[in-house]
Amino acid sequence: MEEVDVEPTITNIPALRRGKHMGFAWGQGNIFVYETLFKATGATGSGSPFIHEVRKDEDIYSPILRKLFNESHHIFVGLQTIREDLPSKNKKPQFVSISKNYRSVIRACMEELQQVAVSTKNAEMSVQYGNQVSILLAIELIWNLCEVLFIDAAPAGSLLLHLLDWVRLHKADVDEKARDVLQSDSPAEHRDYWDVVVSYVLQGRLDEARQMLGKKATLTPAANNIFKMMDNLLSKMPFYNPGGTQTLTEFDVKWRHWHEEVDRCLQDNSFASNQHLEVLCKILLGDEDTLLEHKDLLGTWYHFLVSRLLFCHPTVKPTELHYYAQSCMTMFLDSRSAPEPLDSILLAAFEFDIHQVIKDCSIALNNWWFVAHLTDLLDHCKLLQSHNLHFGSNLREFLLLEYASGLFTHHSLWQLAVDYFDHCLEFGRVYLELQIERVPLDTERKALKVLRICEQRQMSEQVRSICKIMAMRALRNNRLGSALSWSIRAKDAAFATLISERFLQDYCAKGTFSDLDLIDNLGPAMLLSDRLTFLGKYREFHKLYGEKRFKEAAKLLLSLMTAKIAPRSFWMTLLTDALPLLEQKEVIFSADQTYELMFCLEELTSSLNTPSSDSDKSMQEEDVELTKVELLRLALSRNLAMAIVKEGTVET
Amino acid sequence: MENINAKYVSQKISKTRWCPVSYSSLQQPEVFATGSWDNEDNKVSIWSIGNHNNSGLEDGFEGDPQILCEHKHGGDVLDLQFLDQERMVSASSTGAVTIFRYHPNTHTISVLQHWARAHSYPCDNAPCTALVCSSPEIVTVGEDGRIVVFRADQEGAVRVIENADSSTIHAVTYLKTTEVLTVNSIGQLKLWDLRQQSSSPSQILSL
């Protein structure tokens with residue numbers, strides 16, 4: 001067996017007493033634990049009668065995060081329908097915009113969670129919301145970086161600009177501080193003033209830095225010269241323009257010129273009179289020690305990385321990133337503290353090791369949402385090599401299946417999971433077939449929704465199974481019509497036969513049909529099962545009789561017996577029904593028909609007289625039977641006589 | 001194409017209904033009610049799209065629907081109808097029929113009347129699938145094939161037609177004030193005359 005990547009976390013079940021043993025059973029996405037009867041020595045007290053359900057993923061039950069799942073489902077489905085035949089370079093902007101969509105959904109959720117975390121009075125909930133917010137922040141950070149490095153795949157030059165955007169987006173406190181400073185009476189004398197200026201410069205926001213510096217400059221006219229010099233340096237810093245005509249090499253040359261000019265200023269001690277400006281100058285030169293002195297302003301090693309690249313090597317190539325990333329991380333973090341999961345994930349991203357990123361994220365997060373959607377998007381960008389996992393499917397499909405299976409356990413989100421399974425080509429259908437039968441069906445409306453899903457995908461087994469469940473339930477509640485309509489829908493002949501039997505039994509017991517509205521309007525569904533056909537035709541016979549269309553009724557009755565549609569047990573009833581027709585003044589059954597009736601009667605009586613017929617019939621019942629048979633024989637003979645005479649007569 | 005606003009509300013909505021406005025006012029309705037389904041805890045909620053809270057919005061911008069109030073609901077909301085401007089009736093998957101009252105001044109919803117087993121099987125609950133109102137009369141139908149007539153001001157059911165249908169009745173509507181039309185799961189329309197006391201429909205139409 002392979003080694004585990006991380007130590008498994010331990011969860012304590014508070015209600016179970018010490019010293020007792022736990023039994024367990026796997027559920028879908030959860031595990032049931034209970035106390036067994038085993039008594040270890042020293043264990044006292046009575047057992048706990050409860051079953052505990054332990055769930056790993058609490059997130060799908062959060063109402064706010066639910067929006068994340070719904071909206072991202074929408075984006076996911078849209079992504080799958082992008083046409084495959086376009087060349088990849090046309091598709092890249094589409095993929096980038098989809099990635100941005102996902103991220104904006106994460107941000108929207110985050111903002112809402114933040115609002116609730118602040119406004120809730122329940123301290124525990126506040127903490128929980130706060131945790132969710134930080135997880136979402138981390139997720140968005142990682143996704144954004146993946147978008148920059150993998151999906152957008154910016155080349156050298158633009159790469160740094162994108163990384164700058166990335167850092168700026170995730171360091172919002174600069175704007176807050178700046179606002180505080182600007183709103184104060186004397187911004188240039190605010191204690192955070194220089195922090196704001198340095199932060200702006202570290203993020204490459206030189207225009208804003210210059211504006212800020214201008215305020216100080218007006219306050220100290222004596223130092224006007226050096227402020228002007230700094231302003232000059234800041235304004236001349238070249239930034240690569242990807243849409244422009246300048247090539248990367250030309251930009252590099254220009255940048256080096258500027259760098260040398262800044263260096264000259266420092267060597268000349270031009271800023272010696274103002275230590276803040278001198279610090280700024282060193283930062284512009286990319287001096288590592290100065291940068292590291294501002295750890296608190298940078299906040300994170302990746303900010304340090306981007307700032308360092310901005311001022312040392314703005315033409316950094318994607319392949320060179322990981323050298324810088326590794327060294328920056330080492331320089332920034334204390335050697336004592338272990339890197340956090342987020343740090344190793346980001347580092348793996350800088351190393352362009354997509355699989356490592358996905359693997360680390362899967363371990364760190366308790367929900368497959370992030371890895372499933374990100375992997376799917378990367379797979380569409382054709383960035384994942386097809387890795388054959390031990391279980392046969394590729395990585396994308398594996399993650400999507402895990403995520404969707406988790407969704408299926410939710411009482412409401414199962415409908416989303418269906419679409420995810422649809423887009424897993426190898427195993428999706430099998431998973432769906434197994435899961436869809438386990439959706440609880442409380443109302444017919446929900447059952448119909450589930451059925452529609454199955455019918456659209458030609459899952460006939462599941463259709464039959466669901467219809468049978470609904471039919472059984474209807475039968476249990478004595479709703480025969482409902483049960484019959486479900487079995488007709490399922491084309492389940494066996495069940496239809498069962499229900500028709502019930503109808504016929506009801507008829508024998510009560511003498512009338514119940515649920516005539518159903519039986520009268522069966523239409524072609526009648527042919528589903530023999531018994532059902534008989535039921536329909538028998539009812540038709542009664543109708544014809546009621547309308548006094550005796551000849552047709554007689555023909556129908558006979559055909560029911562001769563065509564063997566009627567079950568043998570019912571023949572006696574049919575023959576008894578024939579009696580009134582035989583007793584009519586007018587001859588209804590022809591001679592041939594009468595012969596056939598007699599044949600049927602003889603068949604019936606011969607089978608009744610065999611010794612194997614039930615011997616527990618009472619004497620009275622046997623008498624009744626015999627009388628009936630006698631009456632029939634009499635009526636049949638009389639009819640025969642009249643029929644022969646009638647047919648033999650020539651009308652003149 | 002006109003602006004389409006989409007808002008995710010973290011619940012599956014089964015029915016939405018505009019709140020009827022008084023005939024004298026010529027305005028479009030601004031308040032609507034929704035009922036949810038397929039949740040562990042379902043709710044009936046009232047929303048507003050009027051701009052009365054946000055004066056800063058530009059003209060022509062339809063505001064996001066804002067939730068005004070909500071009330072928990074046992075079982076899925078299978079149908080929701082307004083009885084009048086303030087009262088609405090819901091049909092539940094537990095077989096219950098409930099009248100809610102919306103108080104626009106305090107933005108609260110209270111339960112006026114609750115018939116817990118309007119529709120049921122002998123030993124189980126039967127979902128109430130649809131209802132239709134013509135104040136003060138409410139006609140409900142359910143999976144038990146029963147048609148029940150209530151009056152908003154009376155405690156018990158006014159009339160129950162047992163076994164109106166052998167299969168599930170899916171919907172009901174008024175044809176005239178004394179006649180209702182129901183449709184069942186095998187595609188039959190049945191016309192019922194409520195003035196008559198018989199338990200059989202006056203007409204059956206097959207689709």
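Of the 207 residues that make up chain B in this predicted model, 47% count as buried. The secondary structure of this chain comprises 0 helices and 18 strands. Its radius of gyration is 18 Å, close to the 17 Å given by the globule rule for 207 residues, so chain B is as compact as a globular protein of that length. The C-alpha trace of chain B spans about 60 × 35 × 35 Å along its principal axes, and the area that the chain exposes amounts to about 10,400 Å², of which carbon and sulfur atoms supply 48%. When contacts in chain B are restricted to residues at least 6 apart in sequence, 39% of them join residues at least 24 apart.

Within chain B, the peptide bond between B:Ser135 and B:Pro136 is cis, with omega at about 0°. The proline of this pair, B:Pro136, is placed in the loop that runs between strand S11 (128-134) and strand S12 (137-142) of chain B.

The largest nonpolar core contains 197 residues, and those with the most contacts inside it are A:Trp166, A:Leu213, A:Trp301, A:Phe350, A:Phe370 and A:Leu574. Helix H3 (residues 123-151) of chain A contributes 13 residues, the largest share of this core. Such grouping can be set beside a general tendency: in soluble globular proteins, nonpolar side chains tend to be buried together. The surroundings of A:Trp301 illustrate the packing in detail, for this residue, apart from its neighbours within four places in sequence, is in contact with A:Ala325, A:Cys328, A:Met329, A:Phe332, A:Asp343, A:Leu346, A:Leu347 and A:Phe350.

Helix H9 (residues 248-267) of chain A has 20 residues and reaches 28 Å from its first C-alpha to its last, close to the 28 Å expected at 1.5 Å a residue. The buried residues of H9(A) are A:Phe251, A:Asp252, A:Trp255, A:Trp258, A:Val262, A:Cys265 and A:Leu266. These residues lie on the same side of H9(A), because the arc that they cover around the axis is only 140°. The underlying periodicity is that of an α-helix, which has 3.6 residues a turn, so residues three or four places apart point the same way. On the other side of H9(A), A:Thr249, A:His257 and A:Gln267 are exposed, whereas the cover over the buried residues includes helix H8 (224-236), helix H10 (275-285) and helix H13 (301-312) of chain A. H9(A) is followed by A:Asn269, which has a positive phi, near 60°.

Positive phi values also occur in two further loop residues of chain A. A:Ala153, in the loop between H3 and helix H4 (158-169) of chain A, has a phi near 45° and is partly exposed, with a relative accessible area of 39%. A:Gln458, in the loop between helix H21 (444-456) and H22 of chain A, has a phi near 50° and is exposed, its relative accessible area being 64%. By way of general background, most residues other than glycine have a negative phi, and most peptide bonds are trans.

A further loop residue, A:Asn477, is found between helix H22 (460-476) and helix H23 (480-490) of chain A. A:Asn477 is buried, with a relative accessible area of 6%, a value that falls under the 20% limit for burial. Not counting residues up to four places away in sequence, A:Asn477 touches B:Tyr121 and B:Asp124.

Conventions: Residues are numbered from 1 along each chain as its sequence is written. Chains are lettered from A and ligands numbered from 1 in the order in which they are written. This is a predicted model: local features need pLDDT of at least 70, side-chain atom pairs count only at pLDDT 80 or more; totals for chains, interfaces and linings use all residues. Side-chain values use heavy atoms; hydrogens and water are left out. A nonpolar core is a set of buried Ala, Val, Leu, Ile, Met, Phe, Trp, Tyr and Cys residues joined through side-chain atoms within 4.5 Å. Buried means under 20% relative accessible area, exposed over 50%, partly exposed in between (1.4 Å probe, protein chains only). Helices (H or I, at least four residues) and strands (E, at least two) are DSSP runs, numbered from the N terminus. Contact means heavy atoms within 4.5 Å. The expected span of a helix is 1.5 Å times one less than its number of residues. The arc is that of the directions from the helix axis to the C-beta atoms. The radius of gyration is taken over C-alpha atoms; the globule rule is 2.2 Å times the number of residues to the power 0.38. Accessible areas come from the Shrake-Rupley method with a 1.4 Å probe; for residues, only the protein chains shown count as cover.
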